[in-house]
Amino acid sequence: MKMKGFLEVFPGLHMTEQMTELMGLVEVEKVSMSRDRSSIRISVVSPRLIHRKNIMDLERGIRDQLFPGKR
């Protein structure tokens with residue numbers, strides 16, 4: 001299976017410069033959505049550890065920017 005870069009999969013996602021640099025190294029392995037479309041799961045591979053706070057900020061950004069008005 002061919003993986004794609006995180007920034008290629010989510011090109012319109014606005015992030016800090018530092019986060020953009022970090023996510024430039026990350027590849028997306030799989031994106032799946034629950035049946036009721038209430039949540040998505042993104043499986044990634046990264047050569048570096050990503051701090052939990054950065055992951056939470058990224059989750060918030062994806063929710064707010066790509067799914068505005070959704071819980």
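The protein has three helices and three strands. Both kinds of element are DSSP runs, numbered from the N terminus: helices are H or I with at least four residues, and strands are E with at least two. Reading along the sequence, you meet them in the pattern β-α-α-β-β-α. Keep in mind that this is a predicted model, where local features need pLDDT of at least 70, side-chain atom pairs count only at pLDDT 80 or more, and totals for chains, interfaces and linings use all residues. Residues are numbered from 1 along each chain as its sequence is written, and side-chain values use heavy atoms, with hydrogens and water left out.

**Overall build**

How does the radius of gyration compare with that of a compact globule? The protein has 12 Å, which agrees with the value near 11 Å for a compact globule with 71 residues. That radius is taken over C-alpha atoms, and the globule rule is 2.2 Å times the number of residues to the power 0.38. Along the principal axes, the C-alpha trace spans about 35 × 30 × 20 Å.

About 6000 Å² of the protein is exposed, and carbon and sulfur atoms supply 51% of that. Accessible areas like this come from the Shrake-Rupley method with a 1.4 Å probe; for residues, only the protein chains shown count as cover. Buried residues make up 15% of the 71 residues. Here buried means under 20% relative accessible area, exposed means over 50%, and partly exposed is in between (1.4 Å probe, protein chains only).

**The sheet**

Now for the strands. They form an open sheet of three, in the order 1-2-3, with antiparallel pairing. Strand 1 (4-5) and strand 3 are the edge strands, as each pairs on one side only. Two strands count as paired if DSSP finds at least two bridges between them.

Strand 1 and strand 2 are antiparallel and share two bridges. Strand 2 (residues 27-33) and strand 3 (residues 40-45) also run antiparallel, joined by six bridges. Which residue in strand 3 is the bridge partner of Val28? That partner is Val44. Val28, in strand 2, also stands opposite Lys4.

Strands 2 and 3 make a hairpin with six residues between the strands, and Arg37 there takes a positive phi near 60 degrees.

**Charged pairs**

Side chains of opposite charge can pair when their charged atoms come close. This structure holds three salt bridges, each one a side-chain nitrogen of Lys or Arg within 4 Å of a carboxyl oxygen of Asp or Glu. Here they are:

| Residue | Partner | N to O distance |
|---|---|---|
| Asp57 | Lys53 | 2.9 Å |
| Arg60 | Asp57 | 2.9 Å |
| Asp64 | Arg63 | 3.3 Å |

Asp57 turns up twice in the table, and Lys53, Asp57 and Arg60 are indeed linked in a network of salt bridges. Asp57 and Lys53 both sit in helix 3, four residues apart, about one turn of the helix. Arg60 and Asp57 both lie in helix 3 too, three residues apart, again about one turn.

Are these side chains out in the open or tucked away? Asp57 is partly exposed because its relative accessible area is 29%. Arg60 counts as partly exposed at 38%, and Arg63 does so at 37%. Asp64, also in helix 3, is partly exposed with 44%.

**Far in sequence, together in space**

Take contacts, meaning heavy atoms within 4.5 Å. Among those between residues at least 6 apart in sequence, 40% join residues at least 24 apart.

Two pairs show how the chain folds back. Asp64 and Leu13 are 51 residues apart in sequence, yet 9.9 Å apart in space, C-alpha to C-alpha. Gly12 and Leu66 are 54 residues apart in sequence and 8.5 Å apart in space, again C-alpha to C-alpha. Gly12 is found in the loop between helix 1 (6-9) and helix 2 (17-23), and its 48% relative accessibility is why Gly12 counts as partly exposed.

**A nonpolar patch**

Leu66 belongs to helix 3 (residues 52-66) and is partly exposed, at 36% relative accessibility. Which residues form a nonpolar patch on the surface with Leu66? Met33 and Phe67 do, and together the three have about 240 Å² of accessible area. Patches are made of residues with over 30% relative accessible area and no salt bridge; like charges are joined within 9 Å, and nonpolar side chains (Val, Leu, Ile, Met, Phe, Trp, Tyr) within 5 Å.
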